[in-house]
Structures are given as C-alpha cells and as structure tokens.
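Here are my notes for you to read beside the model, written as numbered points. Please keep the structure open and find each residue as it comes up.

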Amino acid sequence: MSDINDLLENKSGIAIDLDETLSWTIYYWMLEAQKIFGNPENLTPEAMARKYRYTGNVPYWEGQEFNKWRMGKILCNETQRNLPPIKGSIKGLNNLNKIIPIATYLSCRPQAVIKGTKDWLKANNYPDAPITLRPSSVKKQDEQKWKAKKLESLYPDIVGIVDDNPNFIKAVSSDFKGVIFLYDRQKSLNTNLNIISCKDWDTVVRKAKEYFRK
Ligand SMILES: [Mg+2]
C-alpha cells in the first residue's frame, strides 16, 4: 500500500479532520443511542449533543451494554456511510480545495472504517484525497498524540489542518509551524500555535483565502 508521503509527492496541501468538522457524527450517534438506550429527558439529538457533547457522558446510558454498542459503532463501516454532513461543509471544502489542495483527510477513526469513510466522502461530493486513519497498532487513548505526530511529520508538505478538537490541538507540539483552522470554536486556546478560529465553513474559506494569498 502506498504511504501517505508517496501520495503527496510534489504536492503541498492541507489536512482535513472528519468527525465534527465534516460529518455531524455526534448528532447521528445521539439519535441512534436514543432509540436503543432511551431518552428520559425527551431531548432532541441536537439538544443532547449540546448538553453532553459525547454519548459517553450521558449518565443514564452508562454500562456494559452501552460500551459494547459504542465499540461496535466505532468499527462499523455502515455507520460512517450514514453520517449527516455538517452544514456548509461540502461547498466549503470544495471551495477550500481551490485555494489550497486537500492533501489528506486525517482522522483518529480506526483504519477498519476506511471503506465506509471513503464511500461517504464520495457520496457527498467531497474532494477526492487520500484518507489517513489511525492504525490498529495505536491505542484509542493515544489517538490524539498519534494524529498530532502525523501532522507534524507531514509539514511542510502539509501546511496545516482544519479541525474542531481542542484536545487534538493540545497534543500538537508548540514547535509546529503550520496553521490550524479551528472549526466551530470561538474560544481562544492558551497556546503559541498559529490558530485561526472559524465559526462556520464560510469563515474557514474566507480566512484561508486571506491566509494563503497574503
Ligand atoms: Mg473532529
């Protein structure tokens, strides 16, 4: 199998996160879990995502059965195919691709779901690009560290990333010279990294245009 470095030969571009940057994964997970494990507060999946952020934080779902379901979901290709795209992300990413090529999709999803991920990107008309997922040799608890190291190792062929996760940003070395477009976060993080906060996909495109054309 080709290594990402071979695929990127002579090409410079940007990396793109998947969950909560392109796909509204948490919405779909809340929706599915409500059907199986109940919704005693009678919340919409959206309200539940706002209140608890992750399915693992919903207090009345805790337990072995739920954990088993969750592990199955993480490894399920069909789940990836069913995720709703985030509003504005399809048009936004295609526009971003004209400013700076999408060099790779970079995500902590396990390598086992590469097929479903690929199908989902294609079905929703996201730009075609290599997909880099977490190898099975990397434990889930080390996933952000793995992703940060991957991004750092690809610089300067890859000049940065669009990502939503502050925990990932915390894992990036303070020496990293690339740019991070922080999707959907207004909160400023205490870091020396070059972070550009973007409240939506229109803002990602607008700020990328300013950044890469200056
Ligand atoms: Mg994410």
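1. A good place to begin is a pair of side chains, those of Asp119 and Lys115, which meet in a salt bridge with a distance of 3.2 Å from N to O. The two residues, Asp119 and Lys115, are 4 apart in helix α7, so about one helical turn separates them. As background, side chains that carry opposite charge can pair when their charged atoms come close. Please keep in mind throughout that this is a predicted model.

2. Asp119 has a further partner, because a salt bridge is counted when a side-chain nitrogen of Lys or Arg lies within 4 Å of a carboxyl oxygen of Asp or Glu, and the side chains of Asp119 and Arg81 meet in this way at 2.8 Å, again from N to O. In the structure as a whole there are 14 salt bridges.

3. To place these residues, it helps to know how the chain is divided: domain 1 takes in 11–23 together with 85–213, while domain 2 covers 25–81. The centres of domain 1 and domain 2, taken over C-alpha atoms, are separated by 24 Å.

4. How many residues of each domain are in contact with the other? On the side of domain 1 there are 16, and these are in contact with 9 residues of domain 2. The size of an interface is often expressed as the accessible area that is lost when the parts come together. Between domain 1 and domain 2 the buried area is about 1,100 Å², and carbon and sulfur atoms give 48% of that area.

5. Across the interface of domain 1 and domain 2 the rule finds 2 salt bridges, and it also finds 8 residue pairs in polar contact, with both residues at pLDDT 80 or more. On the side of domain 1 that touches domain 2, the elements giving two or more residues are β2 (102–110) and α7 (114–123), and α7 supplies the largest share, with 6 residues. Sorted by class, that side of domain 1 has 8 charged, 5 nonpolar and 3 polar residues.

6. A separate point concerns the magnesium ion, whose protein donors are Asp17 (OD), Asp19 (O) and Asp164 (OD), lying 2.1 Å from the ion. Along the sequence these donor residues follow the spacing D-x1-D-x144-D. Asp19 sits in the loop between β1 (13–16) and α2 (25–37), and Asp164 in the loop between β4 (158–163) and α9 (166–171), so this pair ties together parts that lie 145 residues apart in sequence.

Methods
Residues numbered from 1 in each chain as written. Predicted model: local features only at pLDDT ≥ 70, side-chain atom pairs only at ≥ 80, totals over all residues. Heavy atoms only, no water. Domains from an automatic or database assignment. Contact = heavy atoms within 4.5 Å. Buried area = accessible area lost by both parts, 1.4 Å probe. Polar contact = N/O pair within 3.5 Å; in protein donor to acceptor, adjacent residues only side chain to side chain. Nonpolar A, V, L, I, M, F, W, Y, C, P; charged D, E, K, R; others polar. Donors = N, O, S within 2.8 Å, 3.2 Å for Na, K, Ca; no water.
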